Amino acid sequence: MSVKTLTIDGKMMTGVEGDTVFTVAFHNQVQIPRLCHLGGVPDVGACRMCLVEVEGRSKLSASCMTTIEEGMVVRTDTEQLREYRKLLMELLLAEGNHVCSVCVSNGNCELQDLATHLGVDHVRVPYRHPRREVDLSHERFGLDQNRCIACTRCVRTCDEVEGAHVWDMAGRGEKLHLVADLGEPWGNSENCTKCGKCVQVCPTGALFTKGSAVGEMEKDRSFLKYIVYGRERHQWVKKP
Amino acid sequence: MSAKVKLATVWLGGCSGCHMSFLDLDERLIELAARVEFCLSPLVDTKFKDFPEVDVTLVEGAVANVEHVEMLHTIRARSKLVIAFGDCAVSGNITAMRNNFTVDEVMNRAYRETCAVVNGVPVGDDIVPKLVPKVKPLHELVKIDHYLQGCPPSADRIWELVTALLDGRAPKLERRFG
């Protein structure tokens with residue numbers, strides 16, 4: 001396991017071989033905007049919010065999918081990156097039906113928070129208004145595809161942490177959507193353990209606890225730290 | 001004393017919640033009245049045959065019917081500054097939720113499939129303005145100078161924007177939908 005040194009936003013940082021730029025930046029208090037990254041489950045580079053400039057590369061790289069190299073020079077917060085992230089956010093908002101004012105997660109939503117952080121005051125691309133389904137067949141939880149940004153946090157958490165692998169993505173482009181089992185209504189899923197981990201990791205109001213009204217759905221991710229820490233160190237303590 | 005700033009507020013495809021929030025300015029309305037001439041608004045009783053020439057217009061609501069389209073173009077032509085006032089004006093918001101359906105589906109739902117059907121779907125051009133196929137936020141039709149998000153924007157945020165414009169400074173606003 002060799003140590004590598006790189007420069008992120010003008011500061012020298014070190015990480016272990018195999019670490020991603022995102023992780024090294026995070027451990028050095030450089031917060032790169034992200035939506036699909038979730039500590040404890042593998043990264044997939046779905047949201048592209050964590051794009052960074054790497055010196056010597058002509059294309060932008062998703063920092064969560066870029067492993068560190070010796071002598072790398074990375075910039076995470078340039079004017080061009082800020083503009084690209086803003087546009088990415090606008091594309092996300094235009095692609096689904098994100099009506100904050102009637103959403104269970106209004107006020108507790110990572111998409112809404114990040115849009116605010118990026119300074120999105122209106123969406124410059126035309127809204128798509130796709131027709132999407134709401135699945136309320138599950139006894140405890142609901143799925144509103146209108147609010148899904150296809151980050152796949154739920155897919156990865158259900159697979160890697162709970163080990164049930166209920167969720168998958170189906171379709172392409174604007175038809176990309178979440179499916180339970182092989183496209184069953186969620187309530188019919190034989191694999192679902194009803195643990196609700198997917199609900200807690202969802203950054204938006206796409207997955208929610210039934211009975212939540214506007215703004216009432218607050219997510220709690222402390223369980224994830226507990227489980228991941230417990231697995232890694234075999235110490236099952238509440239506050240590591 | 002220089003001439004007062006001419007202010008108008010307009011209500012297109014929205015619920016009037018933004019105007020209610022405007023009323024929540026409470027005693028600040030008195031301060032505002034001293035600085036602006038309130039030309040045209042659903043909140044005042046001044047009647048105009050045509051939309052007057054004004055300095056600033058706050059437009060609540062999205063563009064949902066043919067009357068809104070015409071009105072918005074008139075507003076743009078006669079206002080120095082046009083402000084998208086609230087989430088419906090900025091993003092379409094709840095008004096645009098009908099975009100998932102066709103106009104026929106929407107009309108049937110509202111006028112045929114309800115328990116209080118009397119006359120059915122209105123016909124003719126002079127009864128109610130025809131719905132446009134898709135509800136749109138204001139900036140998809142005309143140039144917008146400022147965006148005030150919120151459903152509704154709080155009175156404090158309205159006050160910050162309006163006073164900033166009157167003082168000729170950049171408003172300090174958190175950009176937040178919902």
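**Close-up views of a predicted model**

Just after helix α3 of chain A, A:Gly119 adopts a positive phi of about 75°. Please keep in mind throughout that this is a predicted model.

**View 1. Helix α3 of chain A and its cover.** Start with the helix that comes before A:Gly119: α3(A) spans residues 110–117 and is mostly covered, with 6 of its 8 residues buried. Those buried residues are A:Glu110, A:Leu111, A:Gln112, A:Leu114, A:Ala115 and A:Thr116. What lies over them? Among the elements that cover the buried residues of α3(A) are two helices of chain A, α2 (79–95) and α4 (153–162). Helix α3(A) will turn up again in the views of the salt bridge, the cavity and the pocket.

**View 2. A salt bridge between helices α3 and α4 of chain A.** Here A:Arg153 pairs with A:Glu110, and their closest N and O atoms are 2.9 Å apart. The two partners belong to distant parts of the chain: A:Arg153 sits in α4 and A:Glu110 in α3, 43 residues apart. Are these charged residues buried or exposed? A:Arg153 has a relative accessible area of 1%, so this residue is buried. A:Glu110 is also below the 20% limit for buried residues, because its relative accessible area is 15%. Look a little wider and you will find A:Arg34 and A:Arg221 as well, joined with A:Glu110 and A:Arg153 in a network of salt bridges.

**View 3. The largest cavity, with α3(A) in its wall.** The structure holds 3 cavities of 30 Å³ or more, and the largest cavity has a volume of about 120 Å³. Its lining is made of 16 residues; nearest the centre are A:His98, A:Cys100, A:Cys109, A:Leu111 and A:Gln112. Which helix supplies the largest share of this lining? That is α3(A), with 3 residues. Two names may already look familiar from the first view, as A:Leu111 and A:Gln112 are among the buried residues of α3(A).

**View 4. The largest pocket.** This open space measures about 930 Å³ in the model. Of its 27 lining residues, A:Phe26, A:His37, A:Leu38, A:Gly39 and A:Gly40 are closest to the centre. Three helices of chain A, namely α1 (21–27), α3 and α6 (222–233), each contribute at least two residues to the lining. Which of the helices gives the most? It is α6(A), with 7 residues.

**View 5. A:Glu160 and its contacts from elsewhere in chain A.** A:Glu160 is a residue of helix α4 of chain A. Its relative accessibility is 40%, so A:Glu160 counts as partly exposed. Which residues does A:Glu160 meet, if neighbours within four places in sequence are left aside? They are A:Val41, A:Pro42 and A:Arg231. A:Val41 is 119 residues away along the chain, yet the C-alpha atoms of A:Val41 and A:Glu160 are separated by 6.7 Å.

**View 6. A:Thr76 in a loop of chain A.** This threonine is found between β5 (73–75) and α2. With 4% relative accessibility, A:Thr76 lies under the 20% cut-off and therefore counts as buried. Not counting residues up to four places away in sequence, A:Thr76 touches A:Ile8, A:Asp9, A:Val30, A:Ile32, A:Val52, A:Leu81 and A:Arg85. A:Val52 makes a handy landmark: this valine is 24 residues from A:Thr76 in sequence, while the two are 4.8 Å apart from C-alpha to C-alpha.

**View 7. A salt bridge in chain B.** Across all chains the structure holds 23 salt bridges. In the one shown here, B:Asp156 pairs with B:Arg28, with 2.9 Å between the closest N and O atoms. The pair ties helix α6 (residues 155–167) of chain B, home of B:Asp156, to helix α2 (residues 28–35) of chain B, home of B:Arg28, over a separation of 128 residues. B:Asp156 counts as exposed because its relative accessibility is 51%, which is over the 50% cut-off. B:Arg28, at 21%, is partly exposed.

**View 8. A nonpolar patch with residues from both chains.** A:Val102, A:Val214, B:Ile94 and B:Met97 come together on the surface, and their combined accessible area is about 290 Å². To find B:Met97, look in the loop that runs between α4 (87–91) and α5 (103–111) of chain B. This methionine has a relative accessible area of 38%, so B:Met97 is partly exposed.

Terms used
Residues are numbered from 1 along each chain as its sequence is written. Chains are lettered from A and ligands numbered from 1 in the order in which they are written. This is a predicted model: local features need pLDDT of at least 70, side-chain atom pairs count only at pLDDT 80 or more; totals for chains, interfaces and linings use all residues. Side-chain values use heavy atoms; hydrogens and water are left out. Buried means under 20% relative accessible area, exposed over 50%, partly exposed in between (1.4 Å probe, protein chains only). Helices (H or I, at least four residues) and strands (E, at least two) are DSSP runs, numbered from the N terminus. Contact means heavy atoms within 4.5 Å. Patches are made of residues with over 30% relative accessible area and no salt bridge: like charges are joined within 9 Å, nonpolar side chains (Val, Leu, Ile, Met, Phe, Trp, Tyr) within 5 Å. Accessible areas come from the Shrake-Rupley method with a 1.4 Å probe; for residues, only the protein chains shown count as cover. A salt bridge is a side-chain nitrogen of Lys or Arg within 4 Å of a carboxyl oxygen of Asp or Glu. On a 1 Å grid over the protein atoms alone, a cavity is a set of points where a 1.4 Å probe fits but cannot get out, and a pocket is an open set with protein on both sides within 12 Å along at least five of seven lines; lining residues have an atom within 4 Å of a point. Grid points are joined across faces, edges and corners, and a volume is the space filled by probe spheres set on the points.
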